[in-house]
Amino acid sequence: MTLSKQHLALLTLGLAALAIAPSLLKTYGLYLLTLWLVYIIAALGLNLTVGYAGLKSLCHAGFMGVGAYTVAILMKAGVSFWLATPVAISLCFVLGLLIGFPALRVQLHYLGFATLGFNLLLMLFFRNEEWLTGGTFGIQNIKRPELFGFSFNGNLAFYYLALVITVVSAALLAYLLRSPWGRAFAALRDNPIRAESTGVNITAYTLMSFAIGAAYAGLAGALFAPLVNFIEPAPFGLGMSLLFLMMVVVGGSGKFYGPVLGSAIALLLPEYLRFAKDWYLAIFGFAVVAMMIWLPGGLLSIRERWLLHKAKTASDKTATNAGAV
Amino acid sequence: MTDFLQLLISGIATGSIYAMAALGFTLLWQASGTINFAQGEFVMLPAFSMLIAMAMGLPLWAAFVVALIVSVLVLGMAFKRFIVDPMRASGVISIVVATLGLSIGLKSFVKAGYSAEPHPFPSVFGDEVFKLAGVTISYSDVGALLFAGLMVLGLQLFLNKTLTGRAMQAVAQNTFSAEALGINVKRMIFYTFAINAILVTVTALLITPTYLAKFDMGDNIGLKAFFAAIIGGFNNSRGALLGGVIVGVLENLVGAYITPSYKDGVALALFLAVILVKPDGLLGTPAERKV
């Protein structure tokens, strides 16, 4: 994989900042930063589904919940985090296939409805199956993982663990997008019928992109449970799923770093605007509407828009000049 | 048996309320290709406008009239003019995301600006019940059923028998030919948005007494409306009625005889079953795929 020099420099700078950041932060700040990383993983997965494959998935928080509950339940039963996480990821992947299959046979946006309903069903499950999920009381005292005798119990250690997992999963996704598979995802989004005529199996690929997205949410959930130590149904509701979608869209769906920016806007910014809590979300929602009208490509598309605009004015100028001659 | 009948009747009543929201949803989709993911919030807003109007001392009927006017202006005219129209060019996906954003925006706006608590809401038909052959029936169920039934039938008549209604259907079927035939497409699309605004206001009037007025009441209603619309057939307005009633009745039966915990999952299960077997919905006709 080749990166431009500029890109590489920015990436190194960003990673260095993330590596140094904890020394500048207090406990709560560190917790938020770790939570941001968790959200980034989830949003990266959703970006594959929404941004690259063009599908609307509205149960991303639900999948994250499945991941979190799976890890929490398995760890309570004495299974190691390192074994529970792959189980969580695979479970989300399989659930993604099960829910995506019927919807995708019909129409792309039916997936939106199916996933919306599925999130509701997951919430009912988390809330009602007390024997398994603890119901509204949730599951408490979820331990943080250990590896070869080294404990990630400290906030700092856990932060670095989350950082490493985030970077690895982002790199995996970048690799996937560069592969023929990734090209097929983009082809699907841009023109499904042409993609089909060039031999891409539409249903299989759309289903795959959805299931992989769900698997990323599962991984995010697996980190979320030990991060907060206590899980209950509330953070995995429909509202959170909508927020995930907004993160991807606001950052710039189909842009690799879109989710990073989007989740910062949806998670970090409100923390500094606490006094505006509910109003923040109201403004955020309306801002998304405004954005779809004027800047449907998301914040990261501003630069392209500007370049396009410049190119256009330049060509207009040449055109007028030519006309004058 | 009496239990069963009771469940059946109240199920049909609730279902016909879902059907109204579903019908508005279907009409918007047919006429303008708008998938309105904020349909649930479109039911929530009139409920709160009625509450506010009543808090200012108006009786329920006057509050309803006020809410109707506000809805047609805001959820009909402004929604079309400022959100849907500018996005016509960018396609369905943008509208989906925008209406999802709108849904978050409206919910949080009401939560922050009015209240996060559920508020009781008076029933138009009172709380009394009567007995018929041993079956206890509430006036509000009968009222809801009649009201919703009349609305849906009236709309059917309007769409099929009047010139405006036929023109609206023509626009829904093929915008280009409709325009070529001299139909004022823009006006017909506006009528559709206005009708949707009226439908959601009536839905709010009928359902809020049971759901209570709360900022997130739309989540559930919106979901039931989508599912009812698809189960019945997305491109058929009678389908919405059928879908709504099926969802309402089955929810009641599952809630009573199987498990009350998963009552709200019934609509999803039905939806998945229907699209597996008959992807265009029970009354729908296969839609041609647009390239």
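**Chain B as a whole.** A helix here is a DSSP run of H or I with at least four residues, a strand is a run of E with at least two, and both are numbered from the N terminus. With that in hand, welcome to chain B of this predicted model, which has eleven helices and two strands. Reading from the N terminus on, you meet its elements in the order α-α-α-α-β-β-α-α-α-α-α-α-α. The radius of gyration of chain B is 19 Å, close to the 19 Å that the globule rule gives for 291 residues, so chain B is as compact as a globular protein of that length. Along the principal axes, its C-alpha trace spans about 60 × 50 × 35 Å. Of the 291 residues in chain B, 51% are buried. Take the contacts in chain B between residues at least 6 apart in sequence: 74% of them join residues at least 24 apart.

**Chain A as a whole.** Now turn to chain A, where you can look for 14 helices and two strands. Its radius of gyration is 21 Å, close to the 20 Å that the globule rule gives for 325 residues, so chain A is as compact as a globular protein of that length. Its C-alpha atoms fill a box of roughly 80 × 50 × 40 Å along the principal axes. Buried residues account for 43% of the 325 residues of chain A. Among contacts in chain A between residues at least 6 apart in sequence, 77% link residues at least 24 apart.

**The two domains of chain A.** Chain A is divided into domain 1, residues 27-237, and domain 2, residues 300-325. Try finding the C-alpha centre of each one: the centres of domain 1 of chain A and domain 2 of chain A lie 42 Å apart.

**Where chain B touches chain A.** How many residues does each chain bring to this contact? Chain B brings 38 residues and chain A brings 36 residues. On the side of chain B that touches chain A, the elements giving two or more residues are helix H4 (92-113), helix H9 (217-232) and helix H11 (266-277) of chain B. H4(B) provides the largest share of that side, 16 residues. Sorted by class, the side of chain B that touches chain A has 27 nonpolar, eight polar and three charged residues.

**Two helices crossing in chain B.** Two packed helices are described by the angle between their axes and the distance between the axes. Here the pair is helix H1 (residues 2-32) and helix H10 (residues 237-258) of chain B, whose axes come within 6 Å and cross at roughly 140 degrees. The crossing of H1(B) with H10(B) is right-handed. In the contact of H1(B) with H10(B) there are 16 nonpolar, eleven polar and one charged residues.

**B:Thr208 and its partners.** Find helix H8 of chain B, and you will find B:Thr208 in it. Is B:Thr208 buried or exposed? There are 25 other C-beta atoms within 10 Å, and a residue is buried at 20 or more, so B:Thr208 is buried. Leaving aside neighbours within four places in sequence, B:Thr208 is in contact with B:Ala47, B:Phe121 and B:Ala213. Follow the chain from B:Thr208 to B:Ala47 and you cover 161 residues in sequence, yet in space they are 6.7 Å apart, C-alpha to C-alpha.

**A:Ser57 in a loop of chain A.** A:Ser57 sits in the loop between helix H2 (27-52) and helix H3 (60-76) of chain A. This loop residue counts as buried because it has 32 C-beta neighbours inside 10 Å. Not counting residues up to four places away in sequence, A:Ser57 touches A:Leu46, A:Thr49, A:Val50, A:Leu111, A:Thr115, A:Phe210 and A:Gly213. One of these, A:Phe210, is 153 residues from A:Ser57 along the chain, and their C-alpha atoms are separated by 7.7 Å.

**Two residues with positive phi.** Most residues other than glycine have a negative phi. A:Asn141 is not a glycine, yet its phi is positive, about 50 degrees. Look for A:Asn141 in the loop between helix H6 (130-133) and strand E1 (146-147) of chain A. A:Asn141 counts as exposed because it has 9 C-beta neighbours inside 10 Å. In chain B, B:Leu212 is another residue other than glycine with a positive phi, near 65 degrees. B:Leu212 is placed in the loop between helix H8 (185-211) and H9 of chain B. With 14 C-beta neighbours inside 10 Å, B:Leu212 counts as partly exposed.

Notes. Residues numbered from 1 in each chain as written. Chains lettered and ligands numbered in written order. Predicted model: local features only at pLDDT ≥ 70, side-chain atom pairs only at ≥ 80, totals over all residues. Contact = placed C-beta atoms within 7 Å. Nonpolar A, V, L, I, M, F, W, Y, C, P; charged D, E, K, R; others polar. Domains from an automatic or database assignment. Rg over C-alpha atoms; globule rule 2.2 N^0.38 Å. Buried ≥ 20, exposed ≤ 12 C-beta atoms within 10 Å, placed from the backbone. Axes fitted to C-alpha atoms, helices over the stretch in contact; angles between N-to-C directions. Left-handed = near helix turned anticlockwise from the far one by under 90°.
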